[in-house]
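Me: I have a structure to go through with you. Short questions, short answers, please.

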Amino acid sequence: MNAQQPSPPPATAAPELQARFAAAGGKPTYVRGMFGRIAGVYDLMNRVMTGGMDRRWRDFAARKVALGPGQIALDIGTGTGDLAIAVARRGAPDSRIIGIDFTPEMLALGEGKLQRLGLTDRIELRQGDGEQLDFPNEHFDACCSAFVVRNLADLRQGFVEMRRVVKPGGRVVCLEMSHPRGALFGAGFHLYFDRLVPLLGKVVGRAFDAYSYLPSSVSAFPDAPALKRVMEDAGWQDVRYYYRMGGIVAVHVGTRAR
Ligand SMILES: C[S@@+](CC[C@H](N)C(=O)[O-])C[C@H]1O[C@@H](n2cnc3c(N)ncnc32)[C@H](O)[C@@H]1O
C-alpha cells in the first residue's frame, strides 16, 4: 500500500461535463449512449491507448478478487467482459462470475467473446444498473469493477450498494483511472491523455466526443486517498490501494466486516 497523504476533497464534474449530461437527460443516459456508440471500437481503443497495459491492470485486479472453490463474484459495468474473464482465469475452476452492464451493445460483444473462449458456463452476463443492483443482500463473495465507478451518478451510493450484495467477510476490488504522481510524469501523461487520446478516438473510432469525455471524467474523479475515504464512508473496511504505472490507474481493495 502506498503512503496515505492528505488530499483535496473530491472534485465535482466540470461545467462542460455537466452541460453534456444535462443535454442528454442525465449522466446515466449520457454514459449509456456513449458506450452504445463506441462498443464496436472499445476493446481496440483500450489496447491502442494503453499499449496493451490494460490487460495487465485487469489481471492485477483479478488476483485481488481471487475467487476460491465455489465462490461467486459480481462484475459491475462488465462491458465486453474483460475483467470478468480475467477473474475467471485467476479463480478456482468452479468459481463463477455474473457481469452486469446497462449498455446492451457492450454486453452483446461480451457474449460473443465468452462463447469464443468457452467461458459461458463460468460467466453470465446480464443487463442491469450498477447503482440499483437486482440481487439479494449478502449474495456474492466479491464485487469488482474496472473503469466503471467514475461513470456512476452517485459514487458513494454505488459502493453502498456493492456492500449490500457482498457477504460479510467478502471483498470489493475497484480498478479505476487515477491521478499520476510526480509533476513531470503528470504533465507528460496529461499531454498524451488530454490531447492525443481524443484524437486517437477520432481516428480509430470516429468518436472524438467519447474519448474527450475520458480525460474530463478522470479530472473530475477523486484521487486514490479520497476514493479510499469514499469507500470507507460507504462501509468498506481495511481499504487499501495499489498504484499501477505511476498512478495512472489505482486498484482499491476493501472488505466487508464479518
Ligand atoms: C469503461 S467501460 C468498462 C468495461 C469493462 N469493465 C472493462 O474493464 O473493459 C464502462 C462500462 O460501465 C458501464 N456502466 C457505467 N455505468 C453503469 C451503471 N450505472 N450500471 C451499469 N453499467 C454501467 C458502461 O455501460 C460500460 O460498459
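Me: How far is a polar side-chain atom of Tyr 42 from an oxygen atom of the ligand?
Reply: Keep in mind that this is a predicted model. Tyr 42 is among the residues that come nearest to the ligand. A polar side-chain atom of Tyr 42 and a ligand oxygen atom lie apart by 2.7 Å.

Me: Which residue has a polar side-chain atom 2.6 Å from an oxygen atom of the ligand?
Reply: Of the 20 residues around the ligand, those that come nearest are Tyr 42, Arg 58, Asp 101, Thr 103 and Gly 130. One of them places a polar side-chain atom 2.6 Å from a ligand oxygen, and that residue is Thr 103.

Me: Which residue offers a polar backbone atom to a nitrogen atom of the ligand?
Reply: Here the protein atom belongs to the backbone. The distance is 2.8 Å, and the residue is Gly 77.

Me: How much of the ligand's area does the protein bury?
Reply: Start with the ligand taken alone, which exposes 590 Å². Of that area, the protein buries 98%.

Me: On to the first helix. Why do the buried residues of H1 count as lying on the same side?
Reply: H1 covers residues 15-24, and Leu 17, Arg 20 and Phe 21 are buried there. In an α-helix, residues three or four places apart point the same way, because there are 3.6 residues a turn. The three buried residues share a side of H1 because the arc they cover around the axis is only 95°.

Me: Which exposed residues sit on the face of H1 turned away from its buried side?
Reply: The buried side is covered by elements that include helix H2 (27-50) and helix H8 (208-219). The face turned away from that side carries exposed residues, namely Pro 15, Ala 22 and Ala 23.

Me: Which residues of the largest nonpolar core touch the most other members?
Reply: This core has 54 residues. H2 gives the most to it, with 10 residues. Apart from it lies another core, of 26 residues, with Cys 143, Phe 159, Val 166 and Trp 236 among them. In the largest core, the residues that touch the most other members are Ile 123 and Tyr 211.

Me: Which residues does Ile 123 touch, not counting those up to four places away in sequence?
Reply: Ile 123 is one of the two that touch the most other members of the largest core. With its sequence neighbours set aside, the list for Ile 123 is Ala 84, Ile 85, Ala 88, Ile 97 and Leu 114.

Me: Is Glu 176 buried or exposed?
Reply: Glu 176 is found in strand E5 (residues 166-177). Its relative accessibility is 1%. The cut-off for buried is under 20%, so Glu 176 counts as buried.

Me: With which side chain does the side chain of Glu 176 make a polar contact?
Reply: The side chain of Glu 176 also reaches a backbone nitrogen, that of Val 149, at 3.2 Å. Its contacts beyond four places in sequence include Phe 147, Phe 221 and Val 249. The side-chain partner, at 2.9 Å, is Arg 150.

Me: What separates the C-alpha atoms of Val 173 and Thr 255?
Reply: Val 173 is found in strand E5 and is buried, with a relative accessible area of 1%. Among the residues it touches are Val 251, His 252 and Val 253. Thr 255 is 82 residues away along the chain, yet the C-alpha separation is 9.0 Å.

Me: What arc do the buried residues of H6 cover?
Reply: In helix H6 (residues 155-165), the buried residues are Leu 155, Gly 158, Phe 159, Glu 161, Met 162 and Val 165. They lie on the same side of H6, because they cover an arc of only 160°.

Me: Against which helix do the buried residues of H6 pack?
Reply: Their partners include the strands E1, E4 and E5. The helix partner is H9 (224-233).

Me: What is the phi of Ala 66?
Reply: Ala 66 lies in the loop between helix H3 (53-65) and strand E1 (72-76). Ala 66 is partly exposed, at 40% relative accessible area. Although Ala 66 is not a glycine, its phi is positive, at about 40°.

Terms used. Residues numbered from 1 in each chain as written. Predicted model: local features only at pLDDT ≥ 70, side-chain atom pairs only at ≥ 80, totals over all residues. Heavy atoms only, no water. Buried < 20%, exposed > 50% of the residue type's maximum accessible area, 1.4 Å probe, protein only. Helix = DSSP H or I, 4+ residues; strand = E, 2+ residues; numbered from the N terminus. Arc of directions from axis to C-beta. Contact = heavy atoms within 4.5 Å. Near = heavy atom within 4 Å. Polar contact = N/O pair within 3.5 Å; in protein donor to acceptor, adjacent residues only side chain to side chain. Areas by Shrake-Rupley, 256 points an atom, 1.4 Å probe, with all protein chains shown as cover. Core = buried A, V, L, I, M, F, W, Y, C linked by side-chain atoms within 4.5 Å.
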